[in-house]
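Okay, everyone, thanks for coming. Let me put the model up and then talk you through the charges, a few strands and some surface patches.

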Amino acid sequence: MVFRCALILLLLAAQSPLSAATFVVNDLFDDPDANPGDGVCDIPAGGPPRCSLRAAIMEANAASPTQTHVIEFSLGLIVINISGSPLPTVTNRVRIDGRTAPSYAGGDDVLSAPPSVYINGSGLTGTTADGLRFTSSLASSVHALGIINFPDNGIEIINTELLDVSGTWIGVSRSGGVDGNDGAGIRLSGCDRCRIGQYIAGGVNPIRNLGNVISNNGESGVYTQLGDDEVIGGNYIGFNPVGASSMGNGMHGIHLVSPNVQVGGFVGFGDGSTADIGNEIVDNAGDGILTATGGHRIYSNVIASNGGNGIDLNGANTNIGFTSQATRNQIIANGSHGIEIGSLLGSSGNLVQNQSLFQNIGRGIFVSDGDNNVLRGNAIADNLESIRIEGNDNQVVGNRLGLIGDVVQGGDFNGVVLLGDDNEVENNVIAGMGDDGIDVVSGNGNQLFLNFIGTFSDGTSIANQGNGIRVRAAAVLTLIEDNVIGYNNDGIKLEGDFTDVCGNRIGIASGDEFAGNRVEGVRVDGDNNRIGDGDFGCPGNVIGNNASDGVQVSGLQNVVSSNTIGGIPGIPAPNGNSGIFLAGTTTDSFVLKNLLFNNANDGIRVAADAGQGNRFIGNNFGNNGDQSVDLRDDGATANDAGDGDSGPNNLQNYPEIISVVDVGGAIDVTYRVDSSGGNADYPLTVDIYLNNSGKREGFPAASDTYDQAANTPKS
């Protein structure tokens, strides 16, 4: 009978899980446990049990691996000095909980709840001693400790899962002293789903899992590698919790070598509530955040005054911000660029959306090596330059550049710079730049759509000091369409070839308000460009109010067609000089089907040193200040016998009208052209215009081919 009772008791013990143990640290010294595994934390000194932190870790490691054991503290406002050797590596499931110490204030923010228990490694030698180290320690945690002066990392976590660190000050004493660890504040290697400061749910009311203060450490504040799906949120990294002096970490604020990390953001709970877990990352010597991998979500952080970039993004498919304004990062006054994409490796498929990027020393956003990235809805102001793209197939959409609210605060250089192929710049507002609004330096097939450059839609000036859009000689096949461009130097300046300029409003705002550019509306210095051409699917532009010419052309085989230049009858928007000016070297250009009204000088003005073969076909002229077409820019040029004089278009003689006869409601015009075959390229195309009551108006009525001998009448 006794035997059977003992057997039953043994079976019950085998079927029941071993209970979790709690070890209470009540001793400031650093002695080891007397008998690890006996379940009693006691250093070998006799008398009542005395439990040091070292002894508690030894006992917790030796306890059941199926439960989470707890290390608590019965002493508060203490510093435990670690000497001789580092603390044992935690290998079991252990919660080290400084919240249990007397004098710990708790609260909703780690800044108002400094730890009551510190561990100090200043007595250790060598370079590898960490404050706390965890290896293969599933579901462990550290709460509300201070960790200072260790030769290596404050906390190192290796090959584990679901480990939390919260409410801990790493590298800062309780009074705000600079007591950094020589390595990283927290280093994670192979840590899956670990959480460095965030919120956790607790029924209907969420329980705050406080962030950490991580400052003054010799390397990065937080470093991660090899793991996956970590969360870093609610932390103060490089932040001074008690004063204004800098406490930045010696390298980066956060350095991500593991993929798919969430940095900041929001956590949702079952009751529908959310909690903000954005980090404050400031004053670190390197970048605020440096990534060498992809798949991250970087939301709701303040990233300011770091020595390098605010965010240095390398890898693919990271979101910096998202569709909600609540995911906006504030990236301010960093020593290099606000965001750089691709500094270490080509980086593609990333989204940068709804960011605030102000007063960074370099560019607001710099894609230094990257394709297929999307920059959308960002506010970028008072940086050296707003956006620079060195890559292909990137999208720059819906950004406000050079504005804080509606206050103009542009940078010293350009709004958007493109070096690459097939990039799209669409629906941006570009204001107050010290140089060009958009500068297309090189590349094929870049497209600029629907932007407001130097002006709001209502004609309010937000002037750029350079050109509205500049396309340089190394750029070809650029499309500039449906933009509103005002109050710049030249509205558009084309130095490259094969650019199409279609459907833009240049010097005239969306509702016909004044928005004149300071020099030319459009200046064309390259070849084979198209300034409007309705016959080839390029709608004409509306060009007016510019201080000099509406369009100035040099180069070869450019087309200026289907544009409204200088306003229309009754609604003047005069350009200060000519409607169209063909400058020196202009050769074989086509000027056709334009409305040229109200300009202060000629409708079409041709410089004395312009080339040959320029064609003027089917244009409408009215109320211009001088000639409709002026070859040699010296007023009306008389015909000469045989047309032997020289100059632009060889100073082609105009047709001499012999008679105009009304024949049954139709007009029969008889004319002749006195140009010998050696001085003109036969057959000649002759346009016939109607003039309204002697005013400076001309409306194309007919076109004819003159293919007989010179000076022979034709009707």
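Let's settle one term before anything else: a salt bridge here is a side-chain nitrogen of Lys or Arg within 4 Å of a carboxyl oxygen of Asp or Glu. Take Glu495 and Lys493, where the closest N and O atoms are 3.7 Å apart. That pair counts as a salt bridge because 3.7 Å is within the 4 Å cut-off. And please keep in mind that what you're looking at is a predicted model.

So how many salt bridges does that rule give us? The count comes to 26.

One of them joins Glu385 to Arg363, with 2.6 Å between the closest N and O atoms. The two ends come from distant parts of the chain: Glu385 belongs to strand β35, residues 385-390, Arg363 belongs to strand β32, and 22 residues separate them. Are these two buried or exposed? Glu385 is buried, at 5% relative accessible area, and Arg363 is buried as well, at 18%. The cut-off you need for that is under 20%.

Next, Asp533 and Arg530. Their closest N and O atoms are also 2.6 Å apart, and they form a salt bridge. The cover is uneven here: Asp533 is buried, with a relative accessible area of 3%, whereas Arg530 is partly exposed at 22%. As background, side chains of opposite charge can pair when their charged atoms come close.

There's a network too. Which residues are in it? Asp130, Arg133, Glu156 and Arg187, linked by salt bridges.

Arg133 takes us to strand β6, residues 132-135, where the side chains alternate. Leu132 and Phe134 point to one face and are buried. Arg133 and Thr135 point to the other face and are not buried. Strand β6 runs parallel to strand β9, residues 155-161, and four bridges join the two. If you want a spot to click on, Leu132 has Ile155 of β9 as its bridge partner.

Now on to another strand, β43, which spans residues 438-444. It's mostly covered, with six of its seven residues buried. What does β43 pair with? Strand β40, residues 416-419, runs parallel to β43, with four bridges between them. There, Val417 stands opposite Asp439 of β43. Then there's strand β46, residues 469-476, also parallel to β43 and joined to β43 by six bridges. In that pairing, Val440 has Val471 of β46 as its bridge partner.

Right, out to the surface. Asp369, Asp371, Asp393 and Asp422 form a negative patch. Asp371 sits in the loop between β32, at 363-367, and β33, at 374-376. Why can Asp371 be part of a patch? Because its relative accessible area is 31%, and patch residues need over 30% and no salt bridge. By the exposure classes, Asp371 is partly exposed.

There's a nonpolar patch as well, made of Ile657, Val660, Ile667 and Leu690. Together they have about 410 Å² of accessible area. Where is Ile667? In strand β68, residues 666-672. Ile667 counts as exposed because its relative accessible area is 54%, and the cut-off for exposed is over 50%.

That's my tour. Over to you.

Notes:
Residues numbered from 1 in each chain as written. Predicted model: local features only at pLDDT ≥ 70, side-chain atom pairs only at ≥ 80, totals over all residues. Heavy atoms only, no water. Buried < 20%, exposed > 50% of the residue type's maximum accessible area, 1.4 Å probe, protein only. Pairing = 2+ DSSP bridges. Patch = residues over 30% accessible without salt bridge, like charges linked within 9 Å, V, L, I, M, F, W, Y side chains within 5 Å. Areas by Shrake-Rupley, 256 points an atom, 1.4 Å probe, with all protein chains shown as cover. Lys, Arg positive; Asp, Glu negative; His and termini not counted. Charge placed at Lys NZ, Arg CZ, Asp CG, Glu CD.
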